[in-house]
Amino acid sequence: MMDFNGRGYEAAGRWLVEDSGLTFSEIKEIRNMATRKVNALYGKFRDDVRIGSDDGFDDVLWQTVANGFQSFHSCTAESLTEMYDENRYTESFAYSFHAVNSIEDEQFAANKFLKRERAAKHIEEMRRFGGGFDQKLIAAFEHADNNNRRKLAVGFPELFEHLVD
C-alpha cells in the first residue's frame, strides 16, 4: 500500500507517516526490516554484482526490497546487474524513511528539552529548599567552566546530566 514505485519516495514516506494508520513504533520496525533486508542483499551479492558505483549498488538493493517479497527472494547477481545496466530503478527507497528520521529527531529534541526543563525545575527547588551541600553544589555548577560542569554531571548525574552537552 505504500506504493513506492507509483508514488515516489517523498509521497510514499508521507503516506507511511500520515495515512498508513501505523504507530510510530510500527513504522520504525518497517524501516528497520527494510534496512536489514538491504544489508542481507549486500552481504550476499557485494562480491558478485558488477555495478560501477556504490551509490548505484545501494539504489538497486533498495529498489529490490521496494519491489517486494518475490523480487527480494528471487534476485541474483545477474538480475541486480541488469537492473542497474537497464536503469530499472529509481531514487533510493531508503529516502522514503527520511520522514521517520525527522520524527525521531523531533522526538529526541523534545525529550531532551523536557529533561532539561525537569532538571532545571529540580535544581530550582533544591536552591530554594535544599540543604547546604545541595545549594553549594548548585552554586559550583553555575560558576564552573564547561569542563568542570561535565565533571559535576558525571559525579552527580541526577542533578546535572541533562544540563551539559
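## Glu78 in helix H6

In this predicted model, Glu78 is part of helix H6. Its relative accessibility is 47%, so Glu78 counts as partly exposed, because that class falls between the buried limit of under 20% and the exposed limit of over 50%.

Glu78 can also be placed relative to Asp48: the two residues are 30 apart along the chain, and a distance of 8.5 Å separates their C-alpha atoms.

## Nonpolar cores

Helix H6 (77–85) also contributes to the largest nonpolar core, which has 26 residues. Within this core, the residues that touch the most other members are Phe45, Phe93 and Phe97. Two or more core residues come from each of helix H2 (9–19), helix H3 (24–45), helix H4 (54–66) and helix H6.

The surroundings of Phe97 can be described further. When neighbours within four places in sequence are left aside, Phe97 is in contact with Met2, Leu16, Ile30, Arg31, Ala34 and Trp62. A second core, separate from the largest one, consists of nine residues, among them Met126, Leu137, Ile138 and Phe160.

## The largest pocket

The largest pocket has a volume of about 370 Å³. Its lining is made up of 18 residues, and those nearest its centre are Met2, Met33, Val65, Ala66 and Phe93. Helices H2, H3, H4 and H5 (69–74) each give two or more residues to this lining. The largest share, four residues, is from H3.

By class, the lining of the largest pocket comprises 14 nonpolar, two polar and two charged residues. Phe93 appears in two of these descriptions, as a member of the largest core and as a lining residue of the largest pocket.

Notes: Residues numbered from 1 in each chain as written. Predicted model: local features only at pLDDT ≥ 70, side-chain atom pairs only at ≥ 80, totals over all residues. Heavy atoms only, no water. Core = buried A, V, L, I, M, F, W, Y, C linked by side-chain atoms within 4.5 Å. Buried < 20%, exposed > 50% of the residue type's maximum accessible area, 1.4 Å probe, protein only. Contact = heavy atoms within 4.5 Å. 1 Å grid on protein atoms, 1.4 Å probe; cavity = no way out; pocket = protein on both sides within 12 Å on 5 of 7 lines; lining within 4 Å. Points joined across faces, edges and corners; volume = space filled by probe spheres on them. Nonpolar A, V, L, I, M, F, W, Y, C, P; charged D, E, K, R; others polar.
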